[in-house]
Every structure is written in structure tokens, then in C-alpha cells.
Amino acid sequence: MTNDTECSSSHLLLCWAQSYFSDTTDLMFVKNIDLVYVKASKPFSNMLGLSSPEDVIGKTDFDLFEDKMLAQRYTDDDRAMLAGKKALEPYVEPLPQRESGTGWSVTQKGIVTDADGRAIGVYGIGRDISQTVRLPQEEAQPNAEYKKSLAELQLATRTDSLTGFLNHNAAMEAIGEALEDAPIGQVGALYVIDIDELAFANEAYGHRVGDKILAQTAQRLREVFGPQAVVGRVGDDEFVVFADHTDTRREALEAVA
């Protein structure tokens, strides 16, 4: 989406957004090229539990969202879109947790450009569909398509989109369950693994290279620990692995040697 040519360059993003935000009922926002919010709709600030859209301005996803993995997911989407220079087609994504359960939005994102076609920011338009997404038992006779869509939605809230591993909350839950179910006296191993200099790789070579490093690391972890281990991506460059099939301390050390 392009800018209004009558906007002054210093207020280009705000001028571009003004006509779209006045009376909308959708979750709308605009970020600058550094992914800092410069505009938000009233429904968007309400979704965050904030009293005014002004409370969103000047902040990043990591400032606004308590769930840092969710914040990372939103940021990664924006970076991928800017790197690929292509808008994201409408897709379903989770909203911050609420008292009534997980919220859902159908979201479309695009790039805001100046008169020369250079990217100056990103925008997002989301529609809260939480009221239309119900658990299967709430449906009298849920069909196969409904069940498949629901399964995909539930999976999206538990996994990291880049690696396919469990996200932070899901990994901690799975490890807790594994510990509770483990027989008395069984030996297991918990590994916390981070990637050295990932931030440098992202800055020096771009996030595509960083994403490739993460994907290759994820593949190697799965090869080493196998399908029985609980593996999660719990931070930007951090993984956790719980292997309950390790019999001795030596085996635990040999697995990562």
C-alpha cells in the first residue's frame, strides 16, 4: 500500500494512516521501519488492555505483549515481510490470552512505501474472530473441515513457526507433564542450549541467514535427541531439551558432545 502524495515527508506514516483509523472496528496499526508503533486503532489498544491508542505509540511488540514468544512471532512476521518485499495474505493468528481463553484474529499485513517505492513502515489490519472459534464440544456435529481448522489454530498457539518446536509456554508444560509421569528413580536430562552470536549474524547478514541457522540447529537437535525428547524454542536464540530416556550422566553428556 502506498502513501498519500499530499503528506509531508516528516509525517508520512501518520498522514497515510489518518483516514483509515477514525471509526474502524478492526484491530489496526502502523509501525515505522524500526517496527515501532506510530498509530493504532481504538480496538487495538482495547485488545491490549490500554485506555487509549496513544498508549501504544512509541512502543514495540516486546513492550506491549506480556507473552514474549508471541511478540517475537509478530516481529518475525514483519521482518520476513520487509525482507521479501511482499505483503502477507490474510491468515489466522493468536491474540493475547484473555480470561475467556485464547483469542483469534484474521490478519493481513502490508508494507507502507514512500513516493519512490521505498519501505517506510508496515501496517496490519486484523479482525477479531474469537467469538466464531469454539471448541468442538460446543458444536453439535462438528465436521471434518471444522476439526482440521481448529487443530491448526491450537497447534499455532503451541509451536514456533520457524522451527516447528514447542514454544516457551508449551515446552514448560510438556516438561512438567513428563516429570510428573516419570517413574521414581528414572534418570533424565535437561539441556538449555543457545546459539552464540546469532544476533551478530542477523545484523551482519540479515534475518534470512539467522533463520536458516535456527532451522539447521533445530534439525540437528531433533536428529540428536530423537522424537521422544521434549524440544522447545524458548527464546530468540535459546532452546530447551528434556530427554527422559537418558539412563546415565555419561549418556547425557555424550548426547551433546
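**Entry 1: a buried pair**

I began with two charged residues, Lys-109 and Asp-78, and found that both of them are buried. I keep in mind throughout that this is a predicted model. Looking at how the two side chains sit, I found that Lys-109 and Asp-78 meet in a salt bridge, with 3.0 Å from N to O. I then looked up where each partner belongs: Lys-109 is part of strand E4 and Asp-78 is part of helix H4 (residues 68–84), so the pair ties together parts that are 31 residues apart in sequence. I also noted that the pair belongs to a network of salt bridges, in which Lys-31, Asp-61, Asp-78 and Lys-109 are linked. For the structure as a whole, I recorded 7 salt bridges.

**Entry 2: Arg-233 and its partners**

Next I turned to Arg-233, whose side chain meets that of Asp-160 in a salt bridge of 3.1 Å, N to O. This pair links distant parts of the chain, since Arg-233 is in strand E7 while Asp-160 is in the loop between helix H5 (144–156) and helix H6 (168–181), with their positions 73 residues apart. Are Arg-233 and Asp-160 buried or exposed? I found both of them buried.

I then saw that Arg-233 has a salt bridge to Asp-236 as well, where the side chains meet at 3.2 Å, N to O. Here I compared the two ends of the bridge: Arg-233 has 2% relative accessibility and therefore counts as buried, whereas Asp-236 has a relative accessible area of 34% and is therefore partly exposed.

**Entry 3: Val-231 in strand E7**

I stayed with strand E7 (residues 230–233) and looked up Val-231, which lies in it. Why does Val-231 count as buried? Its relative accessibility is 2%, and the cut-off for buried is under 20%. Leaving out residues up to four places away in sequence, I listed what Val-231 touches: Phe-165, Leu-166, Leu-221, Arg-222, Val-240 and Val-241. I also noted the spacing to Ala-218, which is 13 residues from Val-231 in sequence and 8.9 Å from it in space, taken from C-alpha to C-alpha.

**Entry 4: empty space inside**

I then asked how many cavities of 30 Å³ or more the structure holds, and the count is 2. The largest cavity has a volume of about 150 Å³. Of the 17 residues that line the largest cavity, those closest to its centre are Phe-29, Phe-44, Met-47, Tyr-74 and Glu-93. I also looked up which elements contribute to this lining, and found that strand E1 (27–32), helix H2 (42–47), strand E3 (88–98), strand E4 (101–113) and strand E5 (119–128) each supply at least two residues.

**Entry 5: two positive phi angles**

I looked at two residues with a positive phi, starting with Leu-35, where the angle is about 65° although the residue is not a glycine. Leu-35 is in the loop between E1 and strand E2 (37–40), and at 9% relative accessibility Leu-35 counts as buried. Glu-197 also has a positive phi of about 65° and is not a glycine either. I placed Glu-197 in the loop between strand E6 (189–194) and H7, and at 59% relative accessibility Glu-197 counts as exposed.

**Entry 6: a nonpolar patch**

Moving to the surface, I looked up which residues form a nonpolar patch, and found Phe-200, Tyr-205 and Val-209, with about 330 Å² of accessible area together. Tyr-205 is in helix H7 (residues 198–205). With a relative accessible area of 58%, Tyr-205 is exposed.

**Entry 7: the whole protein**

I closed with the overall figures, beginning with the secondary structure, which comprises 9 helices and 8 strands. Of the 257 residues in the protein, 40% are buried. Among contacts with a separation of 6 or more, I noted that 46% are between residues 24 or more positions apart. The protein exposes about 15200 Å², and carbon and sulfur atoms supply 50% of that area.

Notes:
Residues numbered from 1 in each chain as written. Predicted model: local features only at pLDDT ≥ 70, side-chain atom pairs only at ≥ 80, totals over all residues. Heavy atoms only, no water. Helix = DSSP H or I, 4+ residues; strand = E, 2+ residues; numbered from the N terminus. Buried < 20%, exposed > 50% of the residue type's maximum accessible area, 1.4 Å probe, protein only. Contact = heavy atoms within 4.5 Å. Areas by Shrake-Rupley, 256 points an atom, 1.4 Å probe, with all protein chains shown as cover. Patch = residues over 30% accessible without salt bridge, like charges linked within 9 Å, V, L, I, M, F, W, Y side chains within 5 Å. Salt bridge = Lys/Arg side-chain N within 4 Å of Asp/Glu carboxyl O. 1 Å grid on protein atoms, 1.4 Å probe; cavity = no way out; pocket = protein on both sides within 12 Å on 5 of 7 lines; lining within 4 Å. Points joined across faces, edges and corners; volume = space filled by probe spheres on them.
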